[in-house]
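Here's a set of exercises to work through with the coordinates loaded in your viewer. Try each task before reading its solution.

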Amino acid sequence: MPILEFLTPMYVFLILAGTLVGIIFGAIPGMTATMAVAVCLPLTYSLGLDNGLALLLGLYVGGISGGLVPAILLGIPGTPSSITTTFDGYPMAQRGEGEKALRIGIVSSLVGGLISLAALFFFAPALAEFAIKFSYVEKFLIIFFALTVMAALSEDMLLGIFSGFLGIFISLIGVYDVTDGGNGEYRLIPPGLEYWLDYGFSLLPVLIGLFGLATILEAAEVGMPKGQSLKDIKVGAHSRFSWGVFKGQVTNLVRSSGIGTFVGILPGVGGSAASILSYTAAKTSSKNPESFGKGNPAGIIASESGNNGLTGGAMVPLLSLGIPGDATTALLIGAFTLQGVQVGPLFIGNNPATWDSMIIAMLLANIAMFIMMYFAIRWLAMVVAVPKHILFPVILMMCVIGAYTINYGIMFDVWTLLIFGIFGWLATKLRLEVAPFIIGFILGPSAEIYFIKSLESFGTLTIFFTKSWIAMLLWALILGSVIGSIMLARRKAALELAQAQAQAEP
Amino acid sequence: MADLFKVSIDFETSHLIFPRLIIAILLVLGTIIVIRNRQAIAGSGAMWAETLRRMDKPRFLGTIALTVIYFLLMVPVGDIWPNTGLGFLICSIPFVALIGVLYMHERSLRSMIPMLIVAVVAPAIVWWLFTYVFALTLP
């Protein structure tokens, strides 16, 4: 069968290596899957598309899964998406059931990953097939919809929307590219930087700055919290894991994986939303919700299958529409750009071999993750204690090398890394949201082309409403997400007010 | 009514339309945010003072300072031996070591040894990998 040509020893090795490194990144608090992908991106340069993606997908799957280790053993989420794993995992570990809790988490991760992979496999081609018919009008509205969904789900809708538009604004710096049908004129370049910003800021240094350097700066700001020492870590020798734990939990598993996948499909919504939503769903539908948060295995199952469900889901909009589903998949866009491959509705049809290789890579990464973590759990637990003063300097160096080599050696890209590293640190202080910013930055140039070309050919703004039923449906979805978010904000505010009043009355 | 939405785009200036639109939206959103959060913004001076007070200044500012020096030195050092990537290698070893020392908590000689080994080995491996295996030029 010619379709399995990509299945070389190198390919399998890269998946295994990626998964292992990903698990390690995930397992060390303060280091995330996104960081792992950002740091390893330059390595994919000379690997070719299939092998490069194999490494990155391994990192992604491993990174999301690894977060459960410190979440359970120390009560510290290794990645943001394993916050809810701490709720029930840590109490179990304190009871001496650490190993059992870890294995429950690992099995749930595998199930979540596989279910979402199946969703990706069946759903992405169908969505892409549908999206091929989109004209510039619909494509513009899709981007607009992606931005509103993200903003609606951010902490603060206005600031989320603002961040998204700020990302678009930064992306427009430079030339209005002739190759996309622009007129080749320059705009928005600060005086004195014309030479460097001809084509604006490059994507990868921006991403590496925001997700690599900014994370390190944040850790440095709080004094580089000391790592855990080995003696704090108790796996618990006498906890027997049995598959019986999963009895009666099939609904929970499937529901949580489904929620994770769905959240992944929504553009720009990260893993923490996936696990929080599935955890809440498991809690509300449970017969004894009060046992949650005290070491109920169902909580770990919900959280871990939810956040691993994200992995396949987040790839759906990336591969069918060219819109990244979360921060890590935004970095994957960088990998495609490096190889000169365009992601969008035509991707799967034009690159069937790459599509197959991605699916197989994710499948193998999930299996590898399971085997490595399930059988080597005691070893992995020690990774949590690797000191940061050894890792972070090396990561900083990797960030620099990544930024430098991305465009074959341009020092300005390294400075871009620094600029956006500091910007990323500043953004959290100003409560700006990095995820919408990144999506805006990535999609800004396309949004411009789609918008301007639609107006050039139709000559009226009404075309955005009347072009087709899809356009109207998209407007309905955009309005729905905005109204929904306003209602959610109101309800939250009312709830907080009620709580404040309840506290005021003794 | 339909005329109201008519737009014609002049190709010569079409590069300015979208940026202007985005700037307008940012200004509108910014104004709303400023008005809505005026109290928080009025109190931002105190917030920054607090952030600065709590900040681990040596580590935070040290990271930025070392990074800037690292970036500034890399190219001039590299120009001494052009196209060998030695600028990267020579600058990275002290950079990794210094950042490592900066981030350490107990700075005893014994605990520094593994870190110093990594500071020499990691840049060397990366340099070798990029120069000879990937054939990419480093500064």
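**Exercise 1: the core**

Which residues touch the most other members of the largest nonpolar core? Keep in mind that this is a predicted model.

Solution. Start with the core itself: the largest one holds 197 residues. Next, look at how its members touch one another: Leu207(A) and Ile438(A) come out with the most contacts to other members. Now take Ile438(A) and skip anything up to four places away in sequence. What's left is Gly167(A), Leu207(A), Leu210(A), Ala327(A) and Ala330(A). So much for the core; on to a helix.

**Exercise 2: a covered helix**

Work out how many residues of α2(A) are buried, and find what covers them.

Solution. Helix α2 of chain A spans residues 33-40, and 8 of its 8 residues are buried. Going along the helix, these are Ala33(A), Thr34(A), Met35(A), Ala36(A), Val37(A), Ala38(A), Val39(A) and Cys40(A). Then look for the cover: it includes α1 (9-27), α3 (49-66), α9 (203-221), α13 (327-338) and α17 (388-405) of chain A.

**Exercise 3: two buried leads**

Decide whether Ile15(A) and Leu319(A) are buried or exposed, then list their contacts.

Solution. Take Ile15(A), which sits in helix α1 of chain A. Count its C-beta neighbours inside 10 Å: there are 30, and the cut-off for buried is 20 or more, so Ile15(A) counts as buried. With neighbours within four places in sequence left aside, Ile15(A) is in contact with Ala54(A), Gly58(A), Ala361(A), Leu364(A), Ala365(A) and Ala368(A). As a distance check, the C-alpha atoms of Ile15(A) and Ser202(A) are separated by 27 Å, with their positions 187 residues apart along the chain.

Now Leu319(A), in helix α12 (residues 297-321) of chain A. Leu319(A) has 28 C-beta neighbours inside 10 Å, so it counts as buried. Not counting residues up to four places away in sequence, Leu319(A) touches Ala124(A), Ala128(A), Val343(A), Phe347(A) and Ile348(A). Its C-alpha atom is 16 Å from that of Gly309(A), which is 10 residues away along the chain.

**Exercise 4: a helix pair**

Describe how α7(A) and α8(A) cross, and which residues meet there.

Solution. First the geometry: the axes of α7 (residues 136-153) and α8 of chain A come within 7 Å and cross at roughly 145 degrees. The crossing is right-handed. Next, the residues: α7(A) brings Leu147(A), Met150(A), Ala151(A) and Ala152(A), while α8(A) brings Met157(A), Gly160(A), Ile161(A) and Gly164(A). Sorting these by class gives 6 nonpolar, 2 polar and no charged residues.

**Exercise 5: positive phi**

Find where Leu188(A) and Arg431(A) lie, and say how exposed each one is.

Solution. Leu188(A) isn't a glycine, yet its phi is positive, at about 65 degrees. Leu188(A) lies in the loop between β2 (186-187) and α9 of chain A. With 17 C-beta neighbours inside 10 Å, Leu188(A) counts as partly exposed.

Arg431(A) also has a positive phi, near 60 degrees. Look for Arg431(A) in the loop between α18 and α19 of chain A. There are 15 other C-beta atoms within 10 Å, so Arg431(A) is partly exposed.

**Exercise 6: chain A meets chain B**

How many residues are in contact between chains A and B, and which helix of chain A gives the largest share?

Solution. Count both sides: 51 residues of chain A are in contact with 52 residues of chain B. Then split chain A's side by helix: α8 (157-171), α9, α17, α18 (411-429) and α19 (434-458) each supply at least two residues. The largest share, 11 residues, comes from α17(A). By class, chain A's side divides into 33 nonpolar, 10 polar and 8 charged residues.

For a single contact point, try Thr460(A), in the loop between α19 and α20 (463-466) of chain A. Thr460(A) has 17 C-beta neighbours inside 10 Å, so it counts as partly exposed. Neighbours within four places in sequence aside, Thr460(A) is in contact with Phe5(B), Lys6(B) and Val7(B).

Technical notes
Residues numbered from 1 in each chain as written. Chains lettered and ligands numbered in written order. Predicted model: local features only at pLDDT ≥ 70, side-chain atom pairs only at ≥ 80, totals over all residues. Core = buried A, V, L, I, M, F, W, Y, C linked by C-beta atoms within 7 Å. Buried ≥ 20, exposed ≤ 12 C-beta atoms within 10 Å, placed from the backbone. Contact = placed C-beta atoms within 7 Å. Helix = DSSP H or I, 4+ residues; strand = E, 2+ residues; numbered from the N terminus. Nonpolar A, V, L, I, M, F, W, Y, C, P; charged D, E, K, R; others polar. Axes fitted to C-alpha atoms, helices over the stretch in contact; angles between N-to-C directions. Left-handed = near helix turned anticlockwise from the far one by under 90°.
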